[in-house]
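Here is a report to read with the structure open beside you. Take your time and look up each residue as it comes along.

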Amino acid sequence: MRATALAVALALLVAAPLQAAQPTRIDQPSLDRAAALRTQALADPTAWQVLESLTTEVGPRMAGSEADARAVEWARAKFKALGYDRVWTEPVTFPKWERRSEAARVLGAHAQPLRVTALGGSPAGTVEGEVVRFADLAALQAAPDGSLAGKIAFVDYPMQARADGSDYRNGGGIRWAGPSLAVHKGAIGFLMRSAGTDTSRAAHTGGTRFEEGLKPIPAAALSTIDAAQLARLAALGPTRVQLALDCGWDGQYTSQNVIGEITGSKRPQEIVLIGGHLDSWDLGTGAIDDGAGIAITMATGALLKPLKPARSIRVVAFANEEQGLWGGRAYMQKHAGDVGKHIIAVESDFGADHIYGFDSSARDLQPAALAQIQQVLAPLGISWMPGKGEPESDIGPLTERGMAWAWLGHDGTRYFDLHHNAEDTLDKINPQSLAQNTAAYAVFTWLAAQADGDFGSAPKPPSAGK
Ligand code: ZN
Ligand code: ZN
């Protein structure tokens, strides 16, 4: 009995915060409006026009490059042209990295060029050495310290295509951690098979970071085809490669988070935040990463403006996501005191293929309101997938400080064919999918803005180490 009584008391205690929350509900006129909005968005050309404009007029827009400033001006002008009520910028300062030239070649009896691209954060340098191939990061980790003295580490992991992109944990993990690990083993250079799922000669770049106190070494990714070629050559016998990179850090740069807002008609101080990142890598024109996210969310705000949403719709075009989440962290630092006013946030940074899943941090707190939203999303082919989602990158820092989030998950099966390589261009975007994405964002954003009640945003202290 005693144990039962204790269990009941504990259950009540645990349940107390949930019971204290008022159930958030959405009224029928707003739900009816959402259904009409869904139909309208599927036929609306705004997202495509925004994406075409960004990828054509600005093109590649690597953080800190000349095009970074043009992208900021483009975003400011586009928000205004789309009728946003308020448009402003907030500064984001970060170290600037430049790519100038990159080449690799096999030396000796089988001499031939290899297609490579420098990893963002790599130093300049020309190194020559025997290549030592590893199947994955664990194999490189297992090599004794010092065993790669004078050699070039080559991590040859073939990333697998999956709808949820989950193998990027391995592929991207090699890119972030591999170069430092190679230094620990004594290597003079680092090569990896691109963290990509395509079969092409387009190498995939992306950020890396050397551990504090280590002497950085030239680090680059081979195209998947060139990686396979180098693996065959290495299997024939000792293979020497020359890697010649001219790239590196060059001072500090200040870019901007560009923000457009549709002012709420009833609760203007309360914000539904949506967005994507404005920067891209330099090899393609950043159509899937992340021009699509900018286009989907800018078009969403424009679609909602005539409906006079109750809450404010804030669209953030984040600066420099690619080289370390600089824009998302700057936004968090500036707005951490206003977490409670950010009712919920959702970000698009996983391409423009079909959105198939919906999830939210409020899944246990406000199931009824989320079920109402899900009902309007369902005809778009979107399923409720509790526990499957997570906040996208730029909104991550503020969600760690207590902001509620939603996830509208894109099918990522094709995403890593194009991610961070020269093939990430407008022609890879399916206009119907982009319209479906915009319809999903418009429905979600409208209903979150109309909801009577919140989704659990509440300030949390910074966690240790953040
Ligand atoms: Zn991205
Ligand atoms: Zn990216």
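Arginine 76 has a relative accessible area of 26%, so it counts as partly exposed (buried means under 20% relative accessible area, exposed over 50%, partly exposed in between, with a 1.4 Å probe and protein chains only). Keep in mind that this is a predicted model, where local features need pLDDT of at least 70, side-chain atom pairs count only at pLDDT 80 or more, and totals for chains, interfaces and linings use all residues. Residues are numbered from 1 along each chain as its sequence is written, chains are lettered from A and ligands numbered from 1 in the order in which they are written, and side-chain values use heavy atoms, with hydrogens and water left out.

**Salt bridges**

Side chains of opposite charge can pair when their charged atoms come close. Here, a salt bridge is a side-chain nitrogen of Lys or Arg within 4 Å of a carboxyl oxygen of Asp or Glu. The structure holds 20 of these salt bridges, including the ones in this table:

| Pair | Closest N to O |
|---|---|
| Arginine 76 and glutamate 73 | 2.8 Å |
| Arginine 70 and glutamate 66 | 2.6 Å |
| Arginine 267 and glutamate 270 | 3.9 Å |

Arginine 76 and glutamate 73 both sit in helix H4, and because they are 3 residues apart, about one helical turn separates them. (Helices are DSSP runs of H or I with at least four residues, strands are runs of E with at least two, and both are numbered from the N terminus.) Glutamate 73 is partly exposed at 43%. Arginine 70 and glutamate 66 belong to helix H4 (residues 66-81) too, 4 residues apart, which again means about one helical turn between them. Glutamate 66 is exposed, at 54%, while arginine 70 is partly exposed, at 35%.

Salt bridges can also join up: Lys96, Glu98, Arg100 and Asp246 are linked in a network of them.

**Two zinc ions**

Now for the metals. Which residue bridges the zinc ion (ligand 1) and the zinc ion (ligand 2)? That's aspartate 289, and the two ions lie 3.3 Å apart.

Donors are N, O and S atoms within 2.8 Å of the metal (3.2 Å for Na, K and Ca); water is not among the atoms, so sites may look incomplete. For the zinc ion (ligand 1), the protein donors are His277 (NE2), Asp289 (OD) and Asp349 (OD), the last of them listed twice, at 2.0 to 2.5 Å. Histidine 277 and aspartate 289 are both buried.

The zinc ion (ligand 2) has Asp289 (OD), Glu322 (OE), listed twice, and His420 (NE2) as protein donors, also at 2.0 to 2.5 Å. Along the sequence, these donor residues are spaced D-x32-E-x97-H. Glutamate 322 counts as buried because its relative accessibility is 6%, and histidine 420 is buried at 6% as well.

**Two domains**

The domain assignment splits the chain into domain 1 (5-85 + 263-450) and domain 2 (99-250); such bounds come from an automatic or database domain assignment. Their C-alpha centres lie 34 Å apart. How many residues of domain 1 are in contact with domain 2? There are 21, and they touch 25 residues of domain 2 (contact means heavy atoms within 4.5 Å). Between the two domains there is 1 salt bridge.
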